[in-house]
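Here is a set of short exercises to work through with the model open beside you. Try each task before reading its solution.

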Amino acid sequence: MKNYIKNLQNTQKGSLLLELLIVISLLAIILSVGASAIFLSMRSNKVSGERDSSSALASEYLEAARSIAEENWQNIYGLTKSTQHYFPTQSAGRWIFTAGSQIISVNNIIYTRYVVINNVSRDNITRNIQSSYLSANNDPSTQKITVTVGWAGANPLVISEYFFRWKNKVCNQTDWSGGVGSGVKNCPDTTYTDISPLGTIDTSIGGQLKLH
């Protein structure tokens, strides 16, 4: 009888120990899952905050580029295309593009941002922007500006926008004796450009323009 009671007590102790081990294992699993969930949540919030900051940084560059284009279209169109990095800076109270990339810290995160400018071509029939640039169909009144914002541990944010020359500058001709000129004109001007093959400028009839 004594041996039976002793064996029963040992069995009960073994069962309690097994139950305790199961409870400890379950707690360890729950704590591990909870810690992973908290880590993922914190990581997600961190990534979301970084993406929001990078989006704001890209929007700043697009707004600056818009100001540059509206002030003088040549400030954009005359720049090196495709490969050169630029970033907008203030000079004498106005925005200009400077060659290079900008490094900026936001909430202790280091971001690198820059702008790349590309020429744009349009289909001769539809006048739609072509996905692949063709120099023969170049549209000098449209430019593609791409902003890239990069930071460590994440894929860079890349945003593109098309800019259009929507206003022109009228330049009066002060003297026709200067002959044929080319390139970008400064107003007023004393040279003209032969606009062949559309026609030629005839200045011999009373100072009036005549297209042939």
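The exercises below go from the overall fold to single residues.

This is a predicted model, where local features need pLDDT of at least 70, side-chain atom pairs count only at pLDDT 80 or more, and totals for chains, interfaces and linings use all residues. Residues are numbered from 1 along each chain as its sequence is written, and side-chain values use heavy atoms, with hydrogens and water left out.

**Exercise 1. Work out the order of helices and strands in the protein chain.**

Start with the elements, which are DSSP runs numbered from the N terminus: helices (H or I) of at least four residues and strands (E) of at least two. That gives two helices and eight strands. Read from the N terminus, the order is α-α-β-β-β-β-β-β-β-β. Next, look at burial, with buried meaning under 20% relative accessible area, exposed over 50% and partly exposed in between (1.4 Å probe, protein chains only). Of the 212 residues, 23% count as buried. Last come contacts, meaning heavy atoms within 4.5 Å. Among those with a separation of 6 or more, 44% are between residues 24 or more positions apart.

**Exercise 2. Describe the hairpin formed by E1 and E2.**

Strands pair if DSSP finds at least two bridges between them; E1 and E2 are antiparallel, with six bridges. Within that ladder, proline 88 is opposite phenylalanine 97 of E2. Two residues separate the strands, and alanine 92 in the turn has a positive phi of about 55 degrees. Is alanine 92 buried or exposed? With a relative accessible area of 82%, alanine 92 is exposed. As background, most residues other than glycine have a negative phi.

Now compare another loop: arginine 127, found between E4 and E5, has a positive phi of about 65 degrees and is not a glycine either. Arginine 127 counts as partly exposed, at 41% relative accessibility.

**Exercise 3. Do the same for E5 and E6.**

E5 runs antiparallel to strand E6 (residues 157-164), and eight bridges join them. One of the bridge pairs puts threonine 142 with phenylalanine 164 in E6. The hairpin has five residues between its strands, and glycine 153 in the turn shows a positive phi of about 80 degrees.

**Exercise 4. Find the aromatic pairs and classify their geometry.**

First, the rule: rings of Phe, Tyr and Trp (its six-membered ring) pair if their centres lie within 6.5 Å, and planes under 30 degrees apart are stacked, over 60 edge-to-face and the rest tilted. Two pairs come out of this.

Take tyrosine 86 and phenylalanine 97: their ring centres are 6.1 Å apart and the planes are at 50 degrees, so this pair is tilted. Tyrosine 86 sits in strand E1 (residues 86-91) and phenylalanine 97 in strand E2 (residues 94-99), so the pair ties together parts eleven residues apart in sequence. Tyrosine 86 and phenylalanine 97 are both buried.

Then there are tyrosine 111 and tryptophan 151, with centres 5.4 Å apart and planes at 55 degrees, so this pair is tilted too. Here the link is between distant parts of the chain, 40 residues apart: tyrosine 111 is in strand E4 (residues 109-121) and tryptophan 151 in strand E5 (residues 138-151). Tyrosine 111 is buried at 1% relative accessible area, and tryptophan 151 is buried at 7%.

**Exercise 5. Identify the residues that touch the most other members of the largest nonpolar core.**

A nonpolar core is a set of buried Ala, Val, Leu, Ile, Met, Phe, Trp, Tyr and Cys residues joined through side-chain atoms within 4.5 Å. The largest one has 21 residues, and Phe97 and Ile145 touch the most other members. Helix H1 (2-71), E1, E4, E5 and E6 each give two or more residues to this core. H1 provides the largest share, seven residues. Beyond four places in sequence, phenylalanine 97 touches residues including Ala65, Ile68, Leu79, Tyr86 and Val115.

**Exercise 6. Trace the polar contacts of arginine 113.**

Place arginine 113 in strand E4; its relative accessible area is 5%, so arginine 113 is buried. A polar contact is a pair of N or O atoms within 3.5 Å; within protein, one must be able to donate a hydrogen and the other to accept it, and residues adjacent in sequence count only if both atoms are side-chain atoms. The arginine 113 side chain reaches the backbone oxygen of leucine 57 at 2.8 Å. Arginine 113 also has a side-chain to side-chain polar contact of 2.7 Å with glutamine 102.
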